[in-house]
Amino acid sequence: MKKTTVLTVDDSRTIRNMLLMTLSGAGFETLQAEDGVHGLEVLGDSTPDVIITDINMPRMDGFGFIENVRKNERHRAVPILVLTTESDAEKKNRAREAGATGWIIKPFDPEKLINAIQRVTA
């Protein structure tokens with residue numbers, strides 16, 4: 001059985017490391033990017049089963065990243081979970097309009113994160 005591949009896009013090394021430990025521990029293959037621009041570069045070479053992205057990042061924020069992913073035919077249907085400290089309804093709506101599938105507030109609960117990934121990839 002093919003491992004589920006998750007691309008994480010976050011400018012915080014700490015969060016990337018926490019995601020890597022959580023996801024690897026749950027048997028997921030993990031790709032990482034430091035911001036939206038890097039995330040799009042990583043997507044050029046891979047087709048993850050799910051993407052987890054932050055909103056507030058340098059170079060390209062999460063909204064721009066999500067919009068760009070959705071423009072690409074190959075990644076149009078990939079579930080995108082937003083992982084952020086933001087809980088603002090307006091930002092949630094903006095992310096949803098851009099094409100986000102779900103929203104998770106930092107700090108994340110590893111079990112809830114795994115469950116969310118399993119739900120969107122089922």
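These exercises, each with a worked solution, go through the sheet, the helices, the cores and some single residues.

The model is predicted: local features need pLDDT of at least 70, side-chain atom pairs count only at pLDDT 80 or more, and totals for chains, interfaces and linings use all residues. Residues are numbered from 1 along each chain as its sequence is written, and side-chain values use heavy atoms, with hydrogens and water left out.

**Exercise 1. The sheet**

Task: Give the strand order of the open sheet and name its edge strands.

Solution:
- Start with the elements. Strands (E, at least two residues) and helices (H or I, at least four) are DSSP runs, numbered from the N terminus.
- Next, the pairing rule. Two strands pair if DSSP finds at least two bridges between them.
- The open sheet has 5 strands, in the order β2-β1-β3-β4-β5, with parallel pairing.
- Its edge strands are β2 (29-33) and β5, each pairing on one side only.
- Neighbouring strands are turned by 20 degrees against each other on average, direction ignored. Such angles run from 0 to 180 degrees between N-to-C directions, with axes fitted to C-alpha atoms, for helices over the stretch in contact.
- Look at one pair. β1 (residues 5-9) and β2 run parallel and are joined by 5 bridges. One of the residue pairs is Thr5 with its bridge partner Glu29 in β2.

**Exercise 2. Helices on the sheet**

Task: Which strands does α1 lie across, and which does α3 touch?

Solution:
- Contact means heavy atoms within 4.5 Å.
- α1 lies across β1, β2, β3 and β4 (80-84), and runs at about 170 degrees to β2.
- α3 packs on the sheet and touches β1, β3 and β4; its direction makes about 160 degrees with that of β3.

**Exercise 3. A helix pair**

Task: Describe how α1 and α5 cross, and list the residues that make the contact.

Solution:
- Two packed helices are described by the angle between their axes and the distance between the axes.
- Here the axes of α1 (residues 13-25) and α5 (residues 110-121) come within 10 Å and cross at roughly 65 degrees.
- From α1, the contact uses Leu19, Thr22 and Leu23; from α5, Pro110, Leu113, Ile114 and Ile117.

**Exercise 4. The cores**

Task: Which residues have the most contacts inside the largest nonpolar core?

Solution:
- A nonpolar core is a set of buried Ala, Val, Leu, Ile, Met, Phe, Trp, Tyr and Cys residues joined through side-chain atoms within 4.5 Å. Buried means under 20% relative accessible area, exposed over 50%, partly exposed in between (1.4 Å probe, protein chains only).
- The largest core has 20 residues, and Leu7, Val9, Ile51, Phe65 and Val82 have the most contacts inside it.
- At least two residues each come from β1, α2 (36-45), α3, β4 and α4 (89-98). α3 gives the most, with 4 residues.
- Take Val82. Leaving aside neighbours within four places in sequence, its contacts include Ile55, Ile66, Ala95 and Trp103.
- A second, separate core of 15 residues includes Val6, Leu23, Phe108 and Leu113.

**Exercise 5. Single residues**

Task: Where is the cis peptide bond, and is Arg59 buried or exposed?

Solution:
- The cis peptide bond joins Lys106 and Pro107, with omega about -10 degrees. Pro107 sits in the loop between β5 (102-105) and α5.
- Arg59 is in the loop between β3 (50-53) and α3 (62-71). Its phi is near 65 degrees, a positive value in a residue other than glycine.
- Arg59 is exposed, because its relative accessible area is 61%.
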